[in-house]
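Reader: Before any discussion begins, I should like to have the sequence and the structure in view. Please display them.

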Amino acid sequence: MRLEYFLMLDRIAHIDCGEMRLRASSVVPAKSPVFEGHFPGYPLMPGVLLIENMAQTCGWLVSAITGFTGLPVLAGVKEAK
């Protein structure tokens, strides 16, 4: 994870455009500053970063399906828990 550039995905392991599936991985170091306050002794990934991770993964899948002809973006999240 390159948080300073907000690049969340470390690796795209598999893309299957026909099945519309993508498997990606993101490794967050235990000492990462994202865990400061989330929560001491029990590190928990902040929800906004989980959503960004999912958005980047979906963006790669949409790009692959459309032949990398455009740049998909997340326009908004109406409701998330």
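The exchange below takes up the chain as a whole and then individual residues.

Reader: What kind of model is this, and how are its residues numbered?

Author: Side-chain values use heavy atoms, with hydrogens and water left out, and residues are numbered from 1 along each chain as its sequence is written. Local features need pLDDT of at least 70 and side-chain atom pairs count only at pLDDT 80 or more, while totals for chains, interfaces and linings use all residues, since the model is predicted.

Reader: In what order do the elements of the protein chain run from the N terminus on?

Author: Helices (H or I, at least four residues) and strands (E, at least two) are taken as DSSP runs, numbered from the N terminus. By that rule the protein chain holds one helix and two strands. The C-alpha trace spans about 45 × 30 × 25 Å along its principal axes. From the N terminus on, the order of the elements is β-β-α.

Reader: What percentage of the 81 residues in the protein chain do buried residues make up?

Author: A residue is buried under 20% relative accessible area, exposed over 50%, and partly exposed in between, with a 1.4 Å probe and protein chains only. Buried residues, counted over the 81 residues of the protein chain, make up 21%.

Reader: How much of the exposed area of the protein chain do carbon and sulfur atoms supply?

Author: Accessible areas come from the Shrake-Rupley method with a 1.4 Å probe, and for residues only the protein chains shown count as cover. The protein chain exposes about 6300 Å², and the part supplied by carbon and sulfur atoms is 61%.

Reader: How far apart do the centres of the positive and negative side chains lie?

Author: Lys and Arg count as positive and Asp and Glu as negative, without His and the chain ends. Each charge is placed at NZ of Lys, CZ of Arg, CG of Asp or CD of Glu. The protein chain has 7 positive and 7 negative side chains, and the distance between the centres of the two sets is 4 Å.

Reader: Which residue is joined to F39 by a cis peptide bond?

Author: F39 lies in the loop between β2 (21–25) and α1 (47–65). F39 counts as partly exposed because its relative accessibility is 45%. Together with Y42 and L44, F39 makes a nonpolar surface patch of about 340 Å². The cis peptide bond, with omega of about -20 degrees, joins F39 to H38.

Reader: Which residues does M20 contact, leaving aside its neighbours within four places in sequence?

Author: M20 lies in the loop between β1 (11–16) and β2, and has a positive phi of about 55 degrees although it is not a glycine. M20 counts as exposed because its relative accessibility is 57%. Contact means heavy atoms within 4.5 Å. With neighbours within four places set aside, the residues in contact with M20 are L61 and I65.

Reader: How far apart in space are the C-alpha atoms of V62 and M20?

Author: V62 is placed in helix α1, and counts as partly exposed because its relative accessible area is 40%. Along the chain V62 and M20 are 42 residues apart, while their C-alpha atoms are separated by 8.5 Å.

Reader: And how far apart in space are C58 and M20, C-alpha to C-alpha?

Author: C58 is also found in helix α1, and is partly exposed because its relative accessible area is 47%. C58 and M20 are 38 residues apart in sequence, and their C-alpha to C-alpha distance is 9.8 Å.

Reader: What is the distance in space between E19 and L74, C-alpha to C-alpha?

Author: E19 is found in the loop between β1 and β2, and counts as exposed because its relative accessibility is 52%. E19 and L74 are 55 residues apart in sequence, and from C-alpha to C-alpha the distance is 22 Å.

Reader: Is N53 buried or exposed?

Author: N53 lies in helix α1. Not counting residues up to four places away in sequence, N53 touches M8, L9, S26 and M45. Because its relative accessibility is 14%, N53 counts as buried.

Reader: What is the phi of F68?

Author: F68 lies in the segment after α1, and is exposed because its relative accessible area is 52%. F68 is not a glycine, although its phi is positive, at about 55 degrees.

Technical notes
Patch = residues over 30% accessible without salt bridge, like charges linked within 9 Å, V, L, I, M, F, W, Y side chains within 5 Å. Salt bridge = Lys/Arg side-chain N within 4 Å of Asp/Glu carboxyl O.
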